[in-house]
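Reader: Got a minute to walk me through this one? I'd like to go from the sheets to the helices and then to the charged pairs.

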Amino acid sequence: MTDGAVTEVARVLVAADKFKGSLTAVQVAERVTAGLRRVVPELDVETLPVADGGDGTVAAAVAAGFERREVTVTGPLGEPVMAAFALRGTTAVVEMAEASGLQLLPTGVFAALTATTYGSGELLRAALDAGATSIVFGVGGSATTDGGAGMLAALGARFLDADGEPVGPGGAALAVLASADLSGVDPRFSDVDLVLASDVDNPLTGPKGCAAVYGPQKGASPEDVETLDSALAHYARVLEKAIGSRAAELAASPGAGGAGGIGYGALLIGASFRPGIELMLEVLGFAPALERATLVITGEGSLDEQTLHGKAPAGVAAAARAAGKEVVAVCGRLALAPEALGAAGIRRAYPLTELEPEPAKSMANAGPLLEQVAANIARDFLA
């Protein structure tokens, strides 16, 4: 061994997120396993693809044994799209990006002011119809900034303008909201354990709110950000008239700003908020898999400052460190110093850019490069 020391019979747990734009979490696990076994052919490898509540969460649940269910819902631009959720027994994993995500928009097209979460509400209702009594609602990767108004409308809420007409789709339309009525929301939510799984703790509005922080990623200009933030603040005030001070309290709560404010909509119908990766590790059965492992390999496309704030590799590493297990990471690019990695519980990171410095080539050849990286891990820690 040249770098690490695994003294007992080695059993590796591969618990990595996707490499966005290159490989799904399942593909990452497959490539890492193949690379490890190049060097140690009989190596015992367990794979558990992970996600933090954003896009890829349903795929991770399906890889862990959940059943994939598909349903046609309303996409962010109002067109029908096929979306999936995951079901095991009476537990459902619903990913808002499946119905309202940026990946559903045509390349180069944004709809910062008008994109709707209506389909996410339809997806939640489909999970209820399938018998779910416990729903993990993963939010992230959204194309939307409508405060969850579209989702709530799909679930039976009414949002009307001064003429008594339903307001239009998207966050900007909330500027003309005159009245809100949540009494028609699907009554089954009163008996459902709905948990908001998010890797962000932003409030709904203000300098750290969803429009200011995430709006530009969705194509919002500075003027659009002002429009959206003002409209969302007005939305919260109208809701305060409808349901009382709880509306204002929830708007300021951590997670309310998740996925363009859909977190706020979920909190309004009784959701509790938990960090996405912490919750997903529980749902996916990470603890028993970790107990069986002698070495853990985690990772994602870019290991950077964002990783340290609730992303999947940080959650995996924290849990592994608490269990006394050694952790190494794979990534497309590395933007963290060794000290930051160590503080996060990661012994060493292996970026693909060490093998192919050109980012476009590295992404295009991520699979073969990842196998080479995994072979290097095996030589350093297992051979």
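Author: Sure, and keep in mind that the model is predicted. One definition before we start: two strands pair if DSSP finds at least two bridges between them.

Reader: With that in hand, what is the order of the open sheet of 5 strands?

Author: The pairing in this open sheet is parallel. β2 (44–47) and β13 (348–351) stand at its edges with a single partner strand each, so one side of each has no neighbour in the sheet. Neighbouring strands are turned by 25° against each other on average, ignoring direction. Reading across the 5 strands, the order is β2-β1-β11-β12-β13.

Reader: Which residue in β11 is the bridge partner of valine 12?

Author: Strand β1 covers residues 11–14 and strand β11 covers residues 295–303; they pair in the parallel sense over 3 bridges. In β11, the partner of valine 12 is leucine 295.

Reader: Which helix lies across β11, β12 and β13?

Author: Helix α12 (residues 312–322) packs on this sheet too, but what it touches is β11 and β12 (326–334), with its direction at about 160° to that of β11. The one you're after spans residues 366–381 and runs at about 150° to β13. That's α15.

Reader: Now α1: within what arc do its buried residues fall, seen down the axis?

Author: Helix α1 (residues 25–39) reaches 22 Å from first C-alpha to last, close to the 21 Å expected. Its buried residues are Ala25, Val28, Ala29, Val32, Thr33, Gly35 and Leu36, and they pack against β1, β2, β11, β12 and α15. They line one face of the helix, because the arc that holds them is 165°.

Reader: On to the open sheet of 6 strands: which strands stand at the edges?

Author: Here the pairing is mixed, and the order is β3-β4-β5-β6-β9-β10. An edge strand has a single partner, so one of its sides is left without a neighbour in the sheet. That description fits β3 (67–74) and β10 (272–275).

Reader: Which residue in β10 stands opposite serine 198?

Author: Strand β9 (residues 193–198) pairs with β10 in the parallel sense, over 4 bridges. Helix α9 (residues 258–268) lies across both of them and β6, running at about 160° to β9. Opposite serine 198 you'll find proline 275.

Reader: Charged pairs next. Is aspartate 186 buried or exposed?

Author: Aspartate 186 forms a salt bridge with arginine 188, with the closest N and O atoms 2.8 Å apart. Arginine 188 counts as partly exposed at 31% relative accessibility. Buried means under 20% relative accessible area. Aspartate 186 has 12%, so it is buried.

Reader: How many residues apart in sequence are the parts tied together by arginine 347 and glutamate 326?

Author: Their side chains meet in a salt bridge at 2.3 Å, N to O, and arginine 347 is partly exposed at 42% relative accessible area. Arginine 347 lies in the loop between α13 (338–344) and β13, while glutamate 326 is in strand β12. The pair therefore ties together parts whose separation in sequence is 21 residues.

Reader: Last one: which residues do salt bridges that share partners join into one network?

Author: The count of salt bridges comes to 19, including arginine 68 with glutamate 70 at 3.1 Å between the closest N and O atoms. The network formed through shared partners consists of Arg11, Asp44, Glu46 and Arg292.

Note on methods:
Residues are numbered from 1 along each chain as its sequence is written. This is a predicted model: local features need pLDDT of at least 70, side-chain atom pairs count only at pLDDT 80 or more; totals for chains, interfaces and linings use all residues. Side-chain values use heavy atoms; hydrogens and water are left out. Helices (H or I, at least four residues) and strands (E, at least two) are DSSP runs, numbered from the N terminus. Contact means heavy atoms within 4.5 Å. Axes are lines fitted to C-alpha atoms, for helices over the stretch in contact, and angles run from 0 to 180 degrees between N-to-C directions. The expected span of a helix is 1.5 Å times one less than its number of residues. Buried means under 20% relative accessible area, exposed over 50%, partly exposed in between (1.4 Å probe, protein chains only). The arc is that of the directions from the helix axis to the C-beta atoms. A salt bridge is a side-chain nitrogen of Lys or Arg within 4 Å of a carboxyl oxygen of Asp or Glu.
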